[in-house]
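Hi,

Here is the structure I promised to pass on. Have a look at it first, and then read on for what turned up.

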Amino acid sequence: MNPIRTSRISRKAILYPDSGHVSCPLEHPLTGGDTLSEHEPAPSWVIDPHKPSVARMYDYYLGGKDNFAADREAADEILARMPYVRDFTRENRAFLSRVVRLLAAQGIRQFLDIGSGLPTRENTHQVAQAVAPDARVVYVDNDPIVLAHGRALLAKNRNTAVVRADLHDPKGILDHPEVRALIDFSQPVAIMLLAIVHFVPDDDEASRIVRELRVPMVPGSYLVMSHGHMGEVDDDLQEVVYKTYRQTSSGNITARTSSQVAAYFEGMELLEPGIVQVGVWRPEIRGLADADPRKAGFFGAVGRVR
């Protein structure tokens, strides 16, 4: 079968209907010349439109259009039982905007946004640079569509970059040449981990990742996190969520408690109001967000390095 090309993303993003292997020689999307031989295992930049992506599902929850049928079908399985997912997903984006605006106003000029997802309204660089035009932002992701969209959006923004790296390799992120070109770790930085660590199923591995990302953070730096939790939803509904996310390219999702999230901030000064539902973390208008602790959602927190 011939590759499917999409101009909405980039002519460099090639989608394969069949995951795992290609069935004919194809032009390499980056070099434009080298080809993939028949039955060559598909490399990591290959996009399989039949396998749901958590980034594209998130885009669908937000009302975006950068998603495939498989993403919508997976998301709809959850929305059918938990329709308020759209609400707390939007609240998570609003949390990002409020935190970035606050930190930029307090003098933070460097933001490392890991697991940034597909661009939408009020992205980190837009919020930060609206407050401080000299703010520098690096986005990190490993989803091919995220990278294509981000690089197209930021092609003319010299203070912003999009890099491909793996959350499981914190040192690779911190030492990445494009990260080092914009982020000076001898100065305060905001490291942002929004709705990403819950895709690391192993608790020890998740702790290691956050711990290693914190290593270069000097006093005055901030760690910003949001993390999924299950509230008091019943076991059957939890299994629907877990089963759906096991089918995605990320492979799983792991909800954690507020005490588990608190452990990521050990030794840091938590900004008020501490670890709370993202919608009630310093809202611009009080009383609008649903803070029902029985519902699933995202915990949000911001910690400062003393």
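**Helix α9 and the aromatic pairs**

Helix α9 has twelve residues, 235–246, and at 1.5 Å a residue it should span 16 Å; its end C-alpha atoms are 16 Å apart, which agrees. Do keep in mind that this is a predicted model.

Which residues of α9 are buried? They are L237, Q238, V241, Y242, T244 and Y245. These residues cover an arc of only 160° around the axis, which puts them on the same side of α9. The general background will be familiar: an α-helix has 3.6 residues a turn, so residues three or four places apart point the same way. On the other side of α9, D235 and D236 are exposed. The cover over the buried residues of α9 includes α1 (54–61) and α2 (69–79). There is also a contact at the start of α9, where a side-chain oxygen of D234 comes to within 3.1 Å of the backbone nitrogen of D236.

Now to the rings. How many aromatic pairs does a search of the whole structure find? It finds four. One of them joins F88 and F298: the ring centres are 5.1 Å apart and the planes stand at 85°, so this pair is edge-to-face. Since F88 belongs to helix α3 (residues 85–105) and F298 to strand β12 (residues 297–304), the pair ties together parts that are 210 residues apart in sequence. Both F88 and F298 are buried.

Another pair brings us back to α9. The rings of F199 and Y245 have their centres 6.0 Å apart and their planes at 40°, so this pair is tilted. It links distant parts of the chain, with F199 in the loop between β8 (190–194) and α8 (203–214) and Y245 in helix α9, 46 residues apart. Are these two residues buried or exposed? F199 has 13% relative accessibility and therefore counts as buried, the cut-off being under 20%. Y245 is buried too, with a relative accessible area of 8%.

F88 and F298 also appear in a cluster: together with Y84 they form one aromatic cluster. Y84 has a charged partner as well, as K295 lies over its face at 4.9 Å from the ring centre. Elsewhere on the list of charges over rings, the charged end of R86 sits over the ring of Y60, 4.9 Å from its centre.

Happy browsing, and best wishes

Technical notes
Residues are numbered from 1 along each chain as its sequence is written. This is a predicted model: local features need pLDDT of at least 70, side-chain atom pairs count only at pLDDT 80 or more; totals for chains, interfaces and linings use all residues. Side-chain values use heavy atoms; hydrogens and water are left out. Helices (H or I, at least four residues) and strands (E, at least two) are DSSP runs, numbered from the N terminus. The expected span of a helix is 1.5 Å times one less than its number of residues. Buried means under 20% relative accessible area, exposed over 50%, partly exposed in between (1.4 Å probe, protein chains only). The arc is that of the directions from the helix axis to the C-beta atoms. Contact means heavy atoms within 4.5 Å. A polar contact is a pair of N or O atoms within 3.5 Å; within protein, one must be able to donate a hydrogen and the other to accept it, and residues adjacent in sequence count only if both atoms are side-chain atoms. Rings of Phe, Tyr and Trp (its six-membered ring) pair if their centres lie within 6.5 Å; planes under 30 degrees apart count as stacked, over 60 as edge-to-face and the rest as tilted. A charge sits over a ring if NZ of Lys or CZ of Arg is within 6 Å of the ring centre and within 35 degrees of the ring normal.
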